[in-house]
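Dear colleague,

I am passing on the structure we spoke about, and below it you will find my notes on what came out of the analysis. Please read them with the model open beside you.

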Amino acid sequence: MSETETRAQKAPPIRPARPNELVQAHRWLQEAIETSPYYNDMFKAHEKQQLGLPYLQRLFDVDPAHVMMIVKDDVPKGIMINSPQYGTLWLQWSYMPPENRHAGHALAATRAFSDYWDNGRFHKIATYTKADNATANALLNRFGYVHVATLDKQMFGEDYMLFEHPLTKVTEGYDHGVPSEGRLGRFKRRMKRLLGL
């Protein structure tokens, strides 16, 4: 086996997004929301509005790893969008377009995601799924996520299953979530992008 092949095999199946990948990440996020069979139209409209490109840009500014790319040979194949929430890391969406799905890649990405974030910053990873999303529920169970509650009529009249995965927080202090963005925030972000920062 060549050295290049060995490096490619050891390359993690996820990595933080790069600035030029945010538009693609946004497209995939919108596609994930629109095509999911598990959520009602009100939830989808809310998610698409809330999780627009400006939101992804704010997440990226907090830490590029909050817009995580699922990759093969360093080429993006999907996304794992997550946000800091006062000591909890919230896994909002994980998605690979159908043409990019193949056996084992979602498993490897889920494992790598937990490993990446077990870096001392958070107490746990938390996420919602739906009871009829058997694939996601099995994947979460396989990698140590625990179904801690089923929340009746949690959003738009629908029930959600809350899963958590413990991490080990050792750093002092807590994040302050994702900052809201006013006019000044948008101006600063545009200036940073124009200056290549």
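What percentage of the contacts in the chain with a separation of 6 or more comes from residues 24 or more positions apart? Such residues account for 67% of those contacts. Please keep in mind throughout that this is a predicted model.

As for the overall make-up, the chain has 7 helices and 7 strands, and their order along the sequence is α-β-α-α-α-β-β-β-α-β-α-β-β-α. Of its 197 residues, 42% count as buried, while the accessible surface of the chain amounts to about 11,100 Å², with 54% of that area belonging to carbon and sulfur atoms.

The largest pocket may be the part you wish to look at next. It holds about 1,300 Å³ of space and is lined by 48 residues, among which Q92, W93, S94, Y95 and N133 lie nearest its centre. By type, the lining residues comprise 28 that are nonpolar, 17 that are polar and 3 that are charged. Several elements contribute to this lining: α2, α3 (41–50), α4 (53–62), β3 (75–85), β4 (88–95), α5 (105–117), β5 (124–129) and α6 (134–142) each supply at least two residues, and the largest share, 6 residues, is that of β4.

Helix α2, one of the elements that line the pocket, spans residues 22–35; its 14 residues reach 20 Å from the first C-alpha to the last, which is close to the 20 Å expected at 1.5 Å a residue. Its buried residues are L22, A25, H26, W28, L29, Q30, A32 and I33.

Two backbone positions also deserve a mention. Y86, although it is not a glycine, has a positive phi of about 60°, and this residue sits in the loop between β3 and β4, two strands that each supply at least two residues of the pocket lining. Because its relative accessibility is 56%, and the cut-off for exposed is over 50%, Y86 counts as exposed. F156 is likewise not a glycine and has a positive phi, here of about 50°; its place is in the loop between β6 (146–155) and β7 (158–166). With a relative accessible area of 37%, F156 lies between the limits of 20% and 50% and is therefore partly exposed.

With best wishes

Definitions and conventions:
Residues numbered from 1 in each chain as written. Predicted model: local features only at pLDDT ≥ 70, side-chain atom pairs only at ≥ 80, totals over all residues. Heavy atoms only, no water. Helix = DSSP H or I, 4+ residues; strand = E, 2+ residues; numbered from the N terminus. Expected span 1.5 Å × (residues − 1). Buried < 20%, exposed > 50% of the residue type's maximum accessible area, 1.4 Å probe, protein only. Contact = heavy atoms within 4.5 Å. Areas by Shrake-Rupley, 256 points an atom, 1.4 Å probe, with all protein chains shown as cover. 1 Å grid on protein atoms, 1.4 Å probe; cavity = no way out; pocket = protein on both sides within 12 Å on 5 of 7 lines; lining within 4 Å. Points joined across faces, edges and corners; volume = space filled by probe spheres on them. Nonpolar A, V, L, I, M, F, W, Y, C, P; charged D, E, K, R; others polar.
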